[in-house]
Amino acid sequence: MRNKGAIIFLTVLFVLISLYYLSFTFVARRIESKALNFAEAKFNALKLNVGEEEKLRIIDSLKTRYLDSMSNQKVFFKYTYMECKQREMNLGLDLKGGMNISLEISAEEIIRSLCNNPMDSTFNAAMEEARTVTKNQTGQNFIEKFGQAYNKIKKPNSPSLASLFITTSNQDKINIKSTDEEVLKYLDEQYEAAISNAFDVLRKRIDHFGVVQPNIQRDVAVKGVFHIELPGIKEPERVEGLLRQAAVLEFWETYNADEIYDKLSEANVIMANIRDTEAKLLKGEQVTEEKPQEVITDVINEDVMVENEDTTKTVEVANTEEKKDENSQITSSSALFERLRPQVNEYQIYGPVVGFAKESDMASIMADLNRESVKRLFPKDLVFAWSFKPLPKAPGYYQLIALKRSKDGGAVLGGDVITDAQQEFGQNRATAEVTMAMNGVGAVEWARITRENIGRSIAIVLDGYVYSWPVVNDEIKGGRSQITGNFTLSEATDLANVLKSGKMPAPAHILSKEIVGPSLGQKAIDASLNSFIIAFIIVFIFMIFYYAHGGVAADIALILNLFLIMGVLASLGAVLTLPGIAGIVLTIGMSVDANVIIFERIREELRAGKNIKSALVDGYKNSLSAILDANITTIIIGIILVNFGVGPVKGFATTLIIGILTSLFTALFISRIILEWMMNGERKITFGNKITFNAFNNVSFKIIEKRKIAYVISGVLIAISLFSLATRGLNPGIDFAGGRNYVVAFKQSFSPEEIAKSLESVYGERPTVKTFGTSNQVKISTKFKINEDNADNLADSLLYVGLKKFLPENTTIDEFFADYCQNTQKVGPTVAKDITAKSIVAITIALILMFIYILIRFRKWQYSLGAVAALVHDTIIVLGAFSLFYSIMPFNMEIDQAFIAAILTVVGYSINDTVIIFDRIREFFGLYKNRSNKEIMNDAMNTTFSRTIITSLTTLLVLVAIFIFGGEVIRGFTFALLLGIFVGTYSSIFVASPIAYDLMKRKEVKK
C-alpha cells in the first residue's frame, strides 16, 4: 500500500483533532457534575424541611450559582468553563429540551406603516385582495400581489401608487412621477431592511436570554422567516413574548458619570459587606450584627430562597473556586468595583459612561445595582443600561450607561417620530455619519430636548440596550440631525438601521413552535444510547463471525469511524438531534457496506487461486469503483436533505454525510492497514470460516427469466398501495396539515377515548388522542384556532382545564406544563404548506439527480430508467404501507418531515444497492463480450448476491435495534427505514436490473 506513512499521520492527526474538540464536552460535563455534587451537599447541610419539588428547585439554584461562579475560571488550558460550554457538543431540542420557533416579519404591516394614507379605500381594497391571494403562504409574494391588486382595483380618480408612499423624507428614492415598478422596488427594499434589522434585534435578544448555544437563521427559501432554536430554555412563554414584540426605539436623557460616581463608591462598600457576610454564611461561620440587618437578610434569601428570576438577572454568588475543598465550595470577595471598572489604563470615563465590565459579569452587576440597599443611594430618576456593542479595543467588555428618566417616568422621546435614517460620508470627513429625519411632532420635541441638553449626551436605546450616546452641540430645529463620530461605514449602517426600526414597527408572527421538556429529552437520550450500544454489539459480533480476521479489522475501523464522526460533529459545531443519533446508528450498518464489498471481492480473488497478498491488493483495487458510486449517491441525498430540511431532519442529513465520508476513509485505508499489519506479522488471516466462506457462492438464480413473476408481485403491491392512497389517504402530521401537538405524561394510565371526550367539552371539537410510548403517556393533536396568531395561551389553558380531572388535586397550570406536559408543538398552515412544497421538490430533485448520475457513470439511459423505476416502486410501496396501517399499528405513523427524510434515505440506500449490481454488470459486459445480455446480467447479479444480502442484513439488524430500543419518538421514522430498505433490496435485484434488461432487449430488437 502506497503512502502508508502519510495515511497513518493523517489518522493520528484526525484523532487528536477529534479528541481536542470532544474534550470541551468532557470538561464541561465534569464541572457540571461537581456543581451538582456541591449543590446536593449544600442543601443537605442547610437541613431544610421542604417538599421534593422545592428541594429540586433549591438544588438547581445552588448548582446554577456554582456554575456562574465558575464561568470565568480557567478549567481547560486557557479556556474558561463558559468557553468550554460554548464549544461542547451541541444537543438538539429533542435531546436537551428547549424551544424551537419560526417567526415571520409581516410584509403587510411594513407596507401599511410606510403608506402616508392608510385609510384610502383603494389601498385597503388592494391590501385585502393581496391578503386573500397569499393566504396560507409566506410573505415573499405579498408586495408583488399588492401591486397587481392595486392596478386591477384602482379607478381613474384613485391616487397613484407613488402618491400613497411618497413623503418628505423619501423623495430621493421615489417621487410623484415614479412608476409602479419603482414604488414596488422601493417597498421591497424597505421590507428587506426591516427583515435585516429584525434579524439583528432578535439575535441580540437571544444573546441576552442566558441560553448556551442558541441558533437563529434566516430561511433561505422563504423571505422574512426566521428559525430559532433555544436549547434548555426554562421560560418559554416569556421568551415567546419577547421574540414576538416589535423593536422599541427610544431617546433618553443621561447623567454624567461624575454626578453619580460618589454614590457608586458607596454601593461598592455595601456590596463588599454583603459578599463578606455571604462567604461566612456559606462556610457556616457565625455572623455578627455589626453588619446591617438588611445585608444579612439579603444574603440568607439569596442562599436559601429560590426566586423565579429572569435568566438575564441571575445573581452571581462568587468568582472563585476554593481549592482546599474537594466539594469546591463557593467563596467570595466580589465587590462591585471588582467587576465594574470605572477606569482602566487608557479607557477614561467620560459623558454618561460610568464603567465597563465583562459580558459574563453584566447580569450580576445589574442585579446588585437593583438591590434595595443599593438602589436607594441613587437618584430616583436614574436608570442603568448596557451598551449594545462591546468596546472596540476590548472585545467582551460592555459599557454601563447612566440614563435619566423624563418627568413621565421613561424615555424623553419615542422612536416612532423617526421618518428616515441613512448612513453617508460627512463633508470633508474620512468617517461616516448618520442622518435622521423626524415628523412634525418629533421635530418640535427634538428642538426642546436638544436645547435643554447642550453639552450633554442623548442616548439612543433599542430594546433596553444603548446603541449610541452622541453629544448635543446645539439646538436642532426642523427635525433633521447628523450623528457624527468615528463611525466606519458598517457601524453607520447599523445605527441607521436601528433608527429605522422606530418608524417601521414589525412585530414577528409565530408560524410554528415546539417546546420539548427536559424529561422527554432525557428519555430520548437513554433510549438512543440503548439502541446505539445494542446495534454496535450486533454488528461487531456478526462481522467477526462472518469475516473472521477481516471482521476484526472492520470492527476496529468501525470504532475509529464512530470516534471521528463525533469529533467532526463537535469541531463543526453541528447539532446532534435524535434523528441524528439514528443517522449515526444507521451509519454503523452502512459503514459495514464498504467493508462487505471489499471482503466479498477478496473472497472471489482467493477462490480464483490467488495468494492472500495478491487477493488483498486486487480486492481493494477492484471494489473501489463500486464503493465510490454507492456512497456518492447517498451523499447526494444527504445534500438535498441539508438544503430542504430544517431542525432534526437537517441534523440527520449532516450526520449521514459525515458518517459516509468517515466510513469511506476508515474502510478504504484503516482496515487495509490493519490487515496488512496482520499479514506482515506472519499471521494466517482469513475472511470467513467453514460455514460462511462459501455462503451464497454457488447460487444460480434465473432472475431475468423469472422477472415477470417479480413484475406481477410488484404490480399487485403498487396497485394495493395506490388504491389505499386514493381511498384511505395518509395520516399527515402537523408538519403537513398544521395544528397543535401536546405530549402529556400522567401519573397513571387513562383511556385515550376518555381524554378526547373531556377535551372535546372545552375545545368544542374532538382532538385526536393516542397512546404515545408508555401506557400513561398520550399524544394530543388538535387544530383549535390554528389560524389565529394570539390563540396559543387560550389553547394551552383549555388543555389544562380539559385534563384537570386526570391530574392530582390542586395541580396548578404552571405545574401541569412543567411536570406533565412533555412536549408542545404548533405548526401554522403557512409553514405546513411550505413544508409540503419543499418535500415534493426534494423528492423530485432526488429522483432527477439519481437519473443523471447513473446516466453519467454508466453511459446508458436504460440503467438510469431502470434505477429510477425501482426508486418510484419503493416510494409508492412505503407510502402505501403507511396508508394501510396507520390506524392499526401501535406506534405513530404520521407523515412528517422525519418520514420524508426516511423516504429520501431509502432512495439513497436503494440506489446504493442498484449501483453495486450495475457496476458488476458493466464489468461483465467488458469481460464476456460473446455472452448474451441475459446470461451476463444473471451471472453479475448472482455474484453480487452475497454482498447484497449481507449488507441488507447488517443494516436491518441495526434498524431493528433502533426500532425496538430507540424510543417512541423515532419509531415511525425507523419503521419507514426498515420497510424501505427491505423493499429497496428487493427492487435492486428484481426490478431495476430486469427493467434495464427489457429496455436493452427492445433496442437490440430494433437494431
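**Exercise 1.** In this predicted model, find which side chain meets Lys152 in a salt bridge, and say where the two residues sit.

*Solution.* Start at Lys152: its side chain pairs with that of Glu129, at 2.4 Å from N to O. Next, place them: Lys152 belongs to helix H7 (residues 142-153) and Glu129 to helix H6 (residues 121-133), with the two positions 23 residues apart. Finally, check accessibility. Buried means under 20% and exposed over 50%, so Lys152, at 60%, is exposed, while Glu129, at 23%, is partly exposed.

**Exercise 2.** Work out which parts of the chain are tied together by the salt bridge of Asp913 and Arg947, and decide whether each residue is buried or exposed.

*Solution.* First, the closest N and O atoms of this pair are 2.6 Å apart. Asp913 lies in helix H29 and Arg947 in helix H31 (residues 945-965), so the bridge joins parts 34 residues apart in sequence. Now apply the cut-off: Asp913 has 0% relative accessibility and is buried; Arg947, at 4%, is buried too.

**Exercise 3.** Identify the residues that touch the most other members of the largest nonpolar core, and the helix that gives the most to this core.

*Solution.* Among the 126 residues of this core, look to Phe599 and Leu675. The helix to name is H29 (residues 897-927), with 17 residues in the core. Then take Phe599 and skip neighbours within four places in sequence: its contacts include Met543, Tyr547, Tyr620, Leu675 and Phe687. As a last step, note a second, separate core of 44 residues, with Met99, Ile111, Phe146 and Ile228 among them.

Terms used:
Residues are numbered from 1 along each chain as its sequence is written. This is a predicted model: local features need pLDDT of at least 70, side-chain atom pairs count only at pLDDT 80 or more; totals for chains, interfaces and linings use all residues. Side-chain values use heavy atoms; hydrogens and water are left out. A nonpolar core is a set of buried Ala, Val, Leu, Ile, Met, Phe, Trp, Tyr and Cys residues joined through side-chain atoms within 4.5 Å. Buried means under 20% relative accessible area, exposed over 50%, partly exposed in between (1.4 Å probe, protein chains only). Helices (H or I, at least four residues) and strands (E, at least two) are DSSP runs, numbered from the N terminus. Contact means heavy atoms within 4.5 Å. A salt bridge is a side-chain nitrogen of Lys or Arg within 4 Å of a carboxyl oxygen of Asp or Glu.
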